[in-house]
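Student: Could you take me through one part of this model up close? I'd like to start with a single strand and then see how the rest is arranged around it.

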Amino acid sequence: MKKFDVAIAGGGLIGASIALDLANAGLGVGLFDRQEPGLEASWAGAGILSPAPESAALIALVPLAKASMAIYPEFVRMVEEASGRSAGYRPKGTLQALFSRHAREELSTVIALHHGLGLRAEPLSARDARALEPALSEDLEAGVLRPEEASVDNRALTQAVLEAARRSGVQFFSARGAEAIWREGGRCLGLHLKNEKVEAQWTVIAAGCFSANIQGVAPYAPVRPAKGQMVALRADDLKIERVLWSEKIYLVPRNDGRILAGATVEYTGFEKVLTAGGLEKILAGAIELSPGLAGSRVEETWAGLRPDSPDHLPILGPTDIDGLLIATGHFRSGILLTPITARLVREWVTEQRVTVDWDRFSPMRFESASAHRAPA
Ligand SMILES: Cc1cc2nc3c(=O)[nH]c(=O)nc-3n(C[C@H](O)[C@H](O)[C@H](O)COP(=O)(O)OP(=O)(O)OC[C@H]3O[C@@H](n4cnc5c(N)ncnc54)[C@H](O)[C@@H]3O)c2cc1C
């Protein structure tokens, strides 16, 4: 039987980064994935690093998001050094474009909201916004510059984290999905794979939107997939420096000249079908934001499945089963929240305390988890 200090189910950005941090702390880590690691949401994402809440429900996430943003440069440096690969980190800020006739009022509301949350945001006239980003539409009424935001090439970062984890001694097991947690009474002893058990002092579930399919996990991580369709464009004569947002879509420039446009949010189960309506919405929004993109080449289209939770907040921390930790439900912010998630899980495993409060994200907050309380 395989035996580790920590067994992790799921080799996306979250599971792999946790594995890397724990291996760097001297622990023996086994990382189990049902396929090649790194090919689900962490591959499909856009890589925007923005702690600004997209809705009122996500305001509770801001402190954690800010904590992750603060350690992102250090995380990227560590991963790039350890892997010898670039992560395509672009700390160039983001620019939100406002088109409505009431842009002036909207602008003061947006700025006040950001400042109230301790986030930097600067109002821009349409002229100033276009001076910064000449590719923006002339129909623009105003803009908001968020100078501390950034983006990362999440495909490159994921591969870099996987390589760094390998070099740090993490043992990888591809095509070895977890079928269930191995539970005896109130303790988790590891994972059940097909025809095999893996023993571990700590077990971490980081299988993204698939986490609830692992037997014994659903009460703590009732996640579901939220499909996002994406398009990659290339326009040789058009330069975009920063991430650009409108109410409808975002544009994310990559170091290789591609411009990603996304994304839909759809609850259609575990399927990744690209639809005419989804692509139409993204492309129409992209051309409205930056009309020069009408002549751009479509280089790639894809869809991925975000791990969403009932309250759209991440699910992080210990459960009432000794030795079982959950790290999933990162929904639209998993790439942003990767460094802080890895750090907090490592702190809990090595010191049983965390330096950023994560109680709000406890896997015990769901009614089903309380109903499954382990016998004393
Ligand atoms: C279109 C789109 C755009 C996005 N844009 C952004 C963005 O701009 N910024 C941002 O911060 N976030 C963004 N996200 C969200 C982000 O990508 C996710 O929150 C994050 O990648 C989740 O990482 P993960 O490791 O938890 O999951 P995943 O990357 O999905 O990895 C889960 C892993 O678990 C494995 N697995 C599944 N079942 C099992 C099993 N039974 N046993 C073992 N392994 C298993 C899978 O094979 C996979 O490798 C976006 C997502 C999408 C889809």
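Tutor: Here is a walk that starts at strand S4 and works outwards to the sheet, the domains and the ligand.

Keep in mind that this is a predicted model. Strand S4 takes in residues 94-98, and five of its five residues are buried. In a regular strand the side chains alternate between the two faces of the sheet. You can follow that here: Thr94, Gln96 and Leu98 sit on one side, Leu95 and Ala97 on the other, and both faces are covered.

Now for the neighbours. On the strand S6 side (residues 142-146), the pairing with S4 is antiparallel and runs to five bridges. If you want a spot to click on, Gln96 is opposite Val144 of S6. With strand S13 (residues 243-245), S4 runs parallel, and three bridges hold the pair. There, Thr94 faces Val243 of S13.

Zoom out a little, and S4 turns out to belong to an open sheet of eight strands with mixed pairing, in the order S5-S6-S4-S13-S14-S15-S12-S16. Strand S5 (122-125) and S16 are the edge strands, each pairing on one side only. From one strand to the next, the twist averages 25°. Further along that order, strand S14 (residues 250-253) and strand S15 (residues 258-262) are joined by four bridges in the antiparallel sense, and Pro253 stands opposite Ile259 of S15.

Helices come next. Helix H4 (residues 103-116) packs on the sheet and touches S4, S5 and S6, with its direction at about 15° to that of S6. Helix H7 (residues 276-289) lies across S4, S12, S13, S14, S15 and S16, and runs at about 50° to S12.

So much for the sheet; now the domains. The assignment for the protein chain splits it into domain 1 (2-83 + 154-223 + 310-371) and domain 2 (94-149 + 225-308). Taken over C-alpha atoms, their centres are 28 Å apart. Each side brings 23 residues to the contact: 23 residues from domain 1 and 23 residues from domain 2. On the domain 1 side, helix H2 and strand S3 (48-49) each supply at least two residues, and H2 gives the largest share with three residues. That side of domain 1 is made up of twelve nonpolar, nine polar and two charged residues.

Then there's the ligand, which lies between the two domains, because both domain 1 and domain 2 give residues to the shell around it. The ligand is surrounded by 43 residues, and the closest are Gly12, Gly45, Gly208, Gly228 and Gly334. At least two shell residues come from each of helix H1 (13-24), helix H2 (41-44), strand S12 (224-234) and strand S16 (297-308). By type, the shell has 21 nonpolar, 17 polar and five charged residues.

One last stop is Leu313, in the loop between S16 and strand S17 (315-318). Leu313 counts as buried because 20 other C-beta atoms lie within 10 Å, and the cut-off for buried is 20 or more. Leaving out residues up to four places away in sequence, Leu313 touches Ala60, Leu61, Gly329 and Phe361. The C-alpha atoms of Leu313 and Phe331 are 7.3 Å apart, although 18 residues separate the two along the chain.

Conventions
Residues are numbered from 1 along each chain as its sequence is written. This is a predicted model: local features need pLDDT of at least 70, side-chain atom pairs count only at pLDDT 80 or more; totals for chains, interfaces and linings use all residues. A residue is near a molecule or strand if its C-beta atom, placed from the backbone, lies within 6 Å of it. Ala, Val, Leu, Ile, Met, Phe, Trp, Tyr, Cys and Pro count as nonpolar, Asp, Glu, Lys and Arg as charged, and the others, Gly among them, as polar. Domain bounds come from an automatic or database domain assignment. A residue is buried if 20 or more other C-beta atoms lie within 10 Å of its own, exposed if 12 or fewer, and partly exposed in between; C-beta atoms are placed from the backbone. Two strands pair if DSSP finds at least two bridges between them. Axes are lines fitted to C-alpha atoms, for helices over the stretch in contact, and angles run from 0 to 180 degrees between N-to-C directions. Two residues are in contact if their C-beta atoms, placed from the backbone, lie within 7 Å.
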